[in-house]
Amino acid sequence: MLRSCAARLRTLGAPPAKPRGAVWRLFSSEKVIHKDYGLPNPSWSKDLRLLFDQFMKKCEDGSWKRLPSYRQNPIQTFKEFQTRFVDPRSITKEEQISKAQQFSRSLEEGLGFEYVMFYNKGEKRVVCLFQGGLHLQGVPGFVHGGAIATVIDITTGMCALAEGVAMTANLNIDYKKPVPLCSVVVVNSRLSKTEGRKLFISCDIQSIDEKTLYTSATALFIKLDPDKRLT
């Protein structure tokens, strides 16, 4: 899965409130400001808002940072990634770049993936607070296993990004209990070890009271090498 550049991990601060939609354009500079989907919206449950507030409190001493989340990569970032890592024959066409969206942010608010991530540099850890919307249903009343895999992939992927631009090589998931639709769960990921360009990451999904283990997983990410272009 392609990721945005590692600078995303270091970017904090929320843009000003704006109407529903992806972007605003500032007429003075023509700069596009992307909406940060890692901030509360009306679809968030009381549990998700409470957990968000608790983690924001942890951010005050600098040990944790909230990670912004956008529907689209900035066009310049998109182009820089492709220039550095992608074979010229596989470069995305110019007219397609502005239409490309992050899969996990492509559904309407409240219907799909509602989540926010927090990063702890000292612990090499990323925590994702996740609420699965009604359009993520698998068996009646529960979140689809593929949606759970997506949440694990993007959470472990952000953990990998702290070490460099990387892509998923392997994802091994043990589904222990189904996750109810619209419930809130905590996704914990941590960098376990590194071997050259290989990043080994562990992950689990628990209930907010930590009494129920829904899923455990391990992931292997490979840091990209500009000398080995993607095709």
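A residue counts as buried here when its relative accessible area is under 20%, and as exposed when that value is over 50%. Keep that cut-off in mind for helix α3, residues 75-85, where Thr77, Phe78, Phe81, Gln82 and Phe85 are buried. These residues span an arc of only 130 degrees around the axis, so they sit on the same side of α3. Look at the face turned away from that buried side and you find the exposed residues Gln76 and Thr83. As for what lies over the buried residues of α3, the cover includes α4, residues 94-97.

Let's step back to the whole chain. What you have is a predicted model, with an average pLDDT of 84 and 84% of the residues scoring at least 70. Confidence peaks in β5, at a mean of 98, and bottoms out in strand β1, residues 23-25, at 38. Go easy on the start of the chain: over residues 1-30 pLDDT stays under 50, although the model does have 68 contacts beyond four places in sequence for that stretch.

The chain has five helices and nine strands. Reading from the N terminus, the order of elements is α-β-β-α-β-α-α-β-β-α-β-β-β-β. Of the 231 residues in the chain, 43% are buried. Among contacts with a separation of 6 or more, 66% are between residues 24 or more positions apart.

Now for the strands, which you can follow pair by pair. Begin with β4 and β5, which run antiparallel and are joined by eight bridges. They form a hairpin with four residues between them, and in the turn Lys124 has a positive phi of about 50 degrees. Within this pairing, Met117 has Cys128 of β5 as its bridge partner. Moving on from β5, seven bridges pair it with β7, again in the antiparallel sense. Here Cys128 turns up once more, standing opposite Val187 in β7. How covered is β5? Seven of its eight residues are buried.

From β7 the path continues to β8 through 10 antiparallel bridges. This is another hairpin, with two residues between the strands and a positive phi of about 65 degrees at Gly196 in the turn. Then comes β9, joined to β8 by nine bridges and also antiparallel. The β8-β9 hairpin has five residues between its strands, and Glu210 in the turn has a positive phi of about 65 degrees. One bridge to look for is that of Cys203 with Ala217 in β9.

β8 is a nice place to see two faces. In a regular strand, side chains alternate between the two faces of the sheet. In β8, the covered face is made of Leu199, Ile201, Cys203, Ile205 and Ser207, while Lys198, Phe200, Ser202, Asp204 and Gln206 make up the uncovered one. Ser207 lies in β8, which takes in residues 198-207, and is the bridge partner of Val185. Is Ser207 buried or exposed? Its relative accessible area is 9%, under the 20% cut-off, so Ser207 is buried. Leaving out residues up to four places away in sequence, Ser207 touches Thr212 and Tyr214.

Asn188 is worth a stop too. It lies in strand β7, residues 184-195, and its 15% relative accessibility falls under 20%, which is why it counts as buried. A polar contact of 3.1 Å links its side chain to that of Arg125. Beyond four places in sequence, Asn188 is in contact with Arg125, Val126 and Val127, and also with Ser202, Cys203, Asp204 and Gln206.

Finally, the interior. In soluble globular proteins, nonpolar side chains tend to be buried together. In this model the largest nonpolar core has 33 residues, and those with the most contacts inside it are Met117 and Phe130. At least two residues each come from β4, β5, α5, β7, β8 and β9. The largest share, nine residues, is supplied by α5. Phe130 makes a good anchor for a closer look: apart from residues up to four places away, it touches ten residues by name, among them Phe113, Tyr115, Leu136, Ile148, Val151 and Val185. There is also a second, separate core of 13 residues, which includes Trp44, Leu51, Phe52 and Leu129.

Technical notes. Residues are numbered from 1 along each chain as its sequence is written. This is a predicted model: local features need pLDDT of at least 70, side-chain atom pairs count only at pLDDT 80 or more; totals for chains, interfaces and linings use all residues. Side-chain values use heavy atoms; hydrogens and water are left out. Buried means under 20% relative accessible area, exposed over 50%, partly exposed in between (1.4 Å probe, protein chains only). Contact means heavy atoms within 4.5 Å. A polar contact is a pair of N or O atoms within 3.5 Å; within protein, one must be able to donate a hydrogen and the other to accept it, and residues adjacent in sequence count only if both atoms are side-chain atoms. A nonpolar core is a set of buried Ala, Val, Leu, Ile, Met, Phe, Trp, Tyr and Cys residues joined through side-chain atoms within 4.5 Å. The arc is that of the directions from the helix axis to the C-beta atoms. Two strands pair if DSSP finds at least two bridges between them. pLDDT is the predictor's confidence in each residue, from 0 to 100.
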